[in-house]
Amino acid sequence: MDQHPRLKTERLFLRKLALRDVEEIFTSYAQDPEVSRYLPWGPHQKKTETRASVKRLLTNDHTGLSLNWIIEKSENADLAGMIALNFNGLKSRLGFVLARHHWGQGVATEATRSVIDWTFGQPGYEQIEAFCDEENLASARVLEKSGMKRESLLRSFGLHPNFSINPRKCWHFVLRKPIVTENR
């Protein structure tokens, strides 16, 4: 990608992650154990953890391995969370995190649909996949409402240190780019 796209929806603005976001990420969701419950990282105890995480994500953006967007509410620029695409050939892996006070408002679904639409509008990207813990019903619902299909339940797949050191079962969701045929 030559440039990080900005995406706009009816209620949201998705913009490139920046170092200036560290403070707000830390206070809005990174230190919240409920938010990180099903994620591969535990709640951040210090802002230095959040800063290191943001720097790592920015490096991945710079090298073309991923795109990381901050999700902001359009009406007040309130940081609602983050959504990311990690690239692997023709596949893209989607992931998101949302501050707890934005749960249940359709924010994650709206952001996910926007990223999916943008991705399938790019040449060469044929499939988007996502994974979520089998007990993470809210994220599974977001993925389903965004058009993704449960493809399989993977055993011993996801590491979620907030539960245990042992890998957990995760749902594998997939959405393939629709095939467009021309009528001749």
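The legends below describe an overall view and several close-ups of one predicted protein model. In this predicted model, local features need pLDDT of at least 70 and side-chain atom pairs count only at pLDDT 80 or more, while totals for chains, interfaces and linings use all residues. Residues are numbered from 1 along each chain as its sequence is written, and side-chain values use heavy atoms, with hydrogens and water left out.

**Figure 1. Overall view of the protein chain, with four helices and eight strands.** From the N terminus on, the order of elements is β-β-α-α-β-β-β-α-β-α-β-β. The radius of gyration is 16 Å, close to the 16 Å that the globule rule gives for 184 residues, so the chain is as compact as a globular protein of that length. Helices (H or I, at least four residues) and strands (E, at least two) are DSSP runs, numbered from the N terminus. The radius of gyration is taken over C-alpha atoms, and the globule rule is 2.2 Å times the number of residues to the power 0.38. The C-alpha trace spans about 60 × 40 × 35 Å along its principal axes. Of the 184 residues, 46% count as buried; buried means under 20% relative accessible area, exposed over 50%, and partly exposed in between (1.4 Å probe, protein chains only). Of the contacts (heavy atoms within 4.5 Å) with a separation of 6 or more, 60% come from residues 24 or more positions apart.

**Figure 2. Close-up of helix 4, residues 137–145.** The buried residues of helix 4 are S139, A140, V142 and L143. They lie on the same side of helix 4, because they cover an arc of only 160 degrees around the axis. This arc is that of the directions from the helix axis to the C-beta atoms. L137 and A138, on the other side of helix 4, are exposed. G147 follows helix 4 and has a positive phi, near 100 degrees.

**Figure 3. Close-up of A77 in the loop between strand 3 (66–73) and strand 4 (79–88).** A77 has a phi near 60 degrees, a positive value in a residue other than glycine. Most residues other than glycine have a negative phi. The relative accessibility of A77 is 41%, so A77 counts as partly exposed.

**Figure 4. Close-up of D21 in the loop between strand 2 (12–16) and helix 1 (22–30).** With a relative accessibility of 2%, D21 counts as buried. Not counting residues up to four places away in sequence, D21 touches R15, K16, I70 and L79.

**Figure 5. Close-up of K16 in strand 2.** K16 counts as partly exposed, at 43% relative accessibility. Leaving aside residues up to four places away in sequence, K16 touches H4, D21, D61, N68, W69 and I70. Although K16 and W69 are 53 residues apart in sequence, their C-alpha atoms are 4.7 Å apart in space.

**Figure 6. Close-up of T63 in helix 2, residues 47–63.** T63 has a relative accessible area of 48% and is therefore partly exposed. T63 and R15 are 48 residues apart along the chain, and 18 Å separates their C-alpha atoms.
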